[in-house]
Structures are given as structure tokens and as C-alpha cells.
Amino acid sequence: MNKVLFYNGEIYKDRKFQKLNVLAEDGKIVRIGEWVSDAQAERVDLKGRRLVPGFLDVHTHGAAGVDVNSADAEGYEKICRFFASQGTTGWLGSVLTDTKEQTLACIEAYKRWKGIEHKGAVMMGIHLEGPFLNPEYKGAMPEHLLQTKNVPLVEEYQKAAEGDIRYITVSPEVDGMVDDIPKLKALGIQVAIGHSGADYDTARKAIANGAMGATHTGNAMKLLHQHFPAIWGAVLEDDNIYCEIICDGRHLHPGTVRLILKTKGLDRVVAITDSIMAAGLPDGNYKLGVNDVVVVDGDAMLADGGSRAGSTLTTGKALENLIAFTGKTAEELLPLLTENPAKLIGVDDRYGFIREGFAANFVVLDHENRVAETYVAGTKVFEREAE
Ligand SMILES: [Zn+2]
């Protein structure tokens with residue numbers, strides 16, 4: 001039996017930092033309390049620092065030189081280990097719109113990843129970014145691979161993935177898509193709307209039909225106009241839908257981040273990275289799916305200059321940026337990286353909280369709210385070197 005006791009720290013529980021001890025056993029949290037102790041447990045002295053739930057990233061295309069669309073199982077594991085060093089303990093592999101053959105290859109690689117040894121973040125499943133998207137709002141999506149609605153294709157992908165496709169981005173205005181959102185949900189897939197020029201009424205209908213996420217809100221979507229609030233107005237107004245935001249200071253102006261938080265509140269915003277293989281690497285030439293991408297000063301653009309192409313952001317940096325942009329505390333903002341994404345993709349019964357019965361996946365934050373250590377299933381998978 002593998003028991004670990006975390007003590008002498010501030011534990012993020014019920015959205016507050018509290019002086020508690022946490023006992024993990026066989027990868028799960030078994031006890032939380034002021035006087036928890038166990039003679040057999042390995043002891044981790046938090047030295048007054050903060051223990052928070054591991055960060056969850058539901059929208060990312062890669063890191064550390066690996067592109068999700070072309071990775072093998074070892075490639076996914078490489079991303080997992082890099083992510084652990086940034087505070088991410090769970091992520092969805094976002095498959096950029098690609099051919100059927102390549103999309104199935106990603107699913108196969110993911111299934112093989114499940115069978116190899118893990119020493120980093122956990123891949124929680126797959127996010128399909130497309131292919132039923134509006135070419136006018138394609139962003140970095142390859143236009144020639146975009147398709148009209150085809151629910152049986154998603155059914156085939158979900159079968160191949162053995163139910164692990166957890167999230168899909170669709171444009172509700174693609175012919176008939178808005179009415180078929182319930183069919184996607186019936187496959188066990190959470191639906192986000194994005195890469196979209198939907199008008200207000202179509203976006204409202206998508207939400208009424210069960211869409212629960214808005215993909216990188218404000219990016220690659222029709223913006224709010226006083227007479228035509230469009231998809232952007234609809235997702236900001238609605239109380240239930242979760243709005244993804246990319247908090248790298250480039251995709252959204254800090255003022256826009258503050259406005260989104262003011263409109264949506266702290267319970268309905270999900271911080272994502274939308275990172276690409278260049279995350280964690282210097283500027284240079286990279287790939288994003290079938291696209292060539294150039295990264296200059298950390299900013300990823302399609303090589304033809306047509307569009308921004310994801311980010312080089314990490315979750316740890318996103319938390320630091322959110323604090324800097326909003327002036328809010330880590331205590332207030334942590335749900336954006338933990339419980340909100342867990343609820344959005346339906347894994348809030350095991351991830352996103354420090355609670356008994358949940359996975360012992362933690363980040364230790366230092367006094368500047370930077371990632372100092374990361375634990376997955378109670379085991380240390382990252383420790384920052386002393387500076
Ligand atoms: Zn993306």
C-alpha cells in the first residue's frame with residue numbers, strides 16, 4: 001500500500017485555503033482533516049505552501065515538440081511529462097480537423113498511450129476540434145478538410161475511442177448541426193460551439209439544445225454588434241454555458257478577460273491553453289496538424305500569416321496571467337483551471353477538487369503562485385529546481 005501524508009501547508013478545499021492535512025492512499029485522497037496522521041505514510045512537508053488541485057486543460061494541441069495530430073503513444077507521454085512540469089495533471093488531446101484516417105490514427109495512439117507507463121499528467125480523453133466548422137471562421141483549421149454535418153462519422157470515432165471522445169467543437173450554423181447537438185450528447189460527448197459565425201438566435205438554440213461550452217470565446221467567432229449580438233453575445237449572456245478563454249495576453253486583451261469574468265462570473269469560465277507543439281520550446285518553425293506554423297516571440301501564426309495558430313501558453317502561466325490581468329486572488333481564480341473544466345467535460349467525480357475519494361493529483365504553489373511541485377496519483381512527477 002502506497003500512503004502519502006501532505007502536511008504543514010494550506011489546502012485549497014471548498015474554495016478556501018485551510019490549514020489541513022491530506023492523506024492519499026493508492027492514488028486517491030482518503031482523509032482530509034486538521035489532525036490526520038498515519039505512521040506508515042510517506043510524509044511530504046509542504047513548508048507552508050499551498051496545495052491545490054492539479055490543473056485541467058480541455059483544449060490543447062501539444063507541447064514539447066509533439067503535435068497531437070501526428071503523435072504516437074510515446075509522443076503523448078512526452079506531452080504528459082512536460083505538462084506535469086507546468087501544473088497540468090489532466091488534459092484532453094485536441095485533434096485539429098484532419099482526414100478520417102489521421103483522426104483514427106490519433107485515437108489509436110491515444111489507446112496505446114493508455115497501456116504504457118505514465119509518469120506525468122493524465123490524458124483524460126480526446127477533444128475533436130471540427131470537422132463540422134464554418135470555413136469563414138476557420139482560424140487555423142485547414143479549409144479543405146472541413147465537412148458538413150456527419151453524425152455517423154462521430155459515432156464511428158467514438159466507437160474507435162471506446163467512449164473516450166469527451167468533447168467536440170461544432171459550428172451550430174453548419175447545415176442541420178444545431179438540431180443534432182442532442183445526438184452528439186447521446187454519444188457521451190460534451191458539445192462546444194465555436195469557429196462560428198452563428199447569429200444570436202442560432203447560438204441560443206444551440207445552447208437550448210445542450211451545447212455547454214464556447215470554444216476560445218472571442219477568437220474565431222462572430223463578435224458582438226449592438227444590433228446583432230451573434231454567438232459572442234449569446235454565450236456571454238447565458239448563465240449555464242462555460243466560456244473557454246486563452247489567457248496568454250495575445251488572444252484576448254486583459255480588459256476583455258476582465259469583461260468576460262464580470263459577465264460570466266467565476267463559475268462559468270474555463271481557462272485553456274490551446275497550446276501547440278512549440279509550448280516549452282524556443283521560437284522557430286513548427287506544425288499544427290497539416291499546417292506550417294511560425295513562432296516569433298512566443299506568438300504562433302500560420303506560416304502564410306493568415307491567422308493566429310494556437311498558443312505557447314501553459315496552465316501555470318495562465319494562472320499567473322489571470323491574477324495579473326484581473327487583480328483577483330488565486331483563491332478566486334483556481335476554479336477556472338480545476339473545477340470548471342472538470343464539470344464541463346463531466347470528470348468532476350474524480351478530478352478538479354481536493355476531496356475524499358478524488359484522485360490525489362495536486363500542484364504545490366509557491367508564495368508567488370508559481371508551480372513548485374506536481375503530484376499525480378499521490379506520486380511526485382515534478383519538482384522545480386532551486387533558483
Ligand atoms: Zn484549438
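Axes here are lines fitted to C-alpha atoms, for helices over the stretch in contact, and angles run from 0 to 180 degrees between N-to-C directions. This is a predicted model, where local features need pLDDT of at least 70, side-chain atom pairs count only at pLDDT 80 or more, and totals for chains, interfaces and linings use all residues. Residues are numbered from 1 along each chain as its sequence is written.

**View 1. The whole protein, with 10 helices and 21 strands.** Helices (H or I, at least four residues) and strands (E, at least two) are DSSP runs, numbered from the N terminus. The C-alpha trace spans about 60 × 45 × 40 Å along its principal axes. With 387 residues, a compact globule would come out at a radius of gyration near 21 Å, and the protein has 20 Å, which agrees. That radius is taken over C-alpha atoms, and the globule rule is 2.2 Å times the number of residues to the power 0.38.

**View 2. The open sheet of 8 strands, with parallel pairing.** Read across, the order goes β6-β9-β10-β11-β12-β13-β14-β15. Two strands count as paired if DSSP finds at least two bridges between them. At the edges stand β6 (55–60) and β15 (269–272), each with a single partner strand, so one side of each has no neighbour in the sheet. Zoom in on that β15 edge: β14 (residues 242–246) pairs with β15 in the parallel sense over 4 bridges, and E244 has V270 of β15 as its bridge partner.

**View 3. Helix α1 lying across two strands of the sheet, β9 and β10.** Here α1 (residues 73–84) runs at about 135° to β9 (88–96), while β10 covers 122–129.

**View 4. Helix α1 again, now crossing α2.** The axes of α1 and α2 (residues 100–114) come within 8 Å and cross at roughly 70°. The two are therefore roughly perpendicular to each other; angles under 35 degrees count as roughly parallel, over 145 as roughly antiparallel, 65 to 115 as roughly perpendicular and the rest as oblique. The crossing is right-handed, meaning the near helix is turned clockwise from the far one by less than a right angle (anticlockwise would be left-handed). On the α1 side, look for A73, Y76 and E77; on the α2 side, A109, Y110, R112 and W113. Contact here asks for C-beta atoms, placed from the backbone, within 7 Å. By class, this contact has 5 nonpolar, no polar and 2 charged residues. Ala, Val, Leu, Ile, Met, Phe, Trp, Tyr, Cys and Pro count as nonpolar, Asp, Glu, Lys and Arg as charged, and the others, Gly among them, as polar.

**View 5. Helices α5 and α6 crossing at roughly 40°.** The axes of α5 (residues 200–208) and α6 (residues 230–237) come within 7 Å. That angle makes α5 oblique to α6, and the crossing is right-handed. Y200, A203, R204 and I207 of α5 meet A230, I231, G233, A234 and V235 of α6. The class tally is 7 nonpolar, 1 polar and 1 charged.

**View 6. The open sheet of 3 strands, β16-β17-β18, with antiparallel pairing.** Its edge strands are β16 (284–288) and β18 (299–302), each pairing on one side only. Neighbouring strands are turned by 35° against each other on average, direction ignored. Between β16 and β17 (residues 291–296) there are 5 bridges, and K287 has D292 of β17 as its bridge partner.

**View 7. The hairpin of β20 and β21, with 2 residues between the strands.** β20 (residues 371–376) and β21 (residues 379–383) pair in the antiparallel sense over 4 bridges. V376 has T379 of β21 as its bridge partner, and A377 takes a positive phi near 50°.
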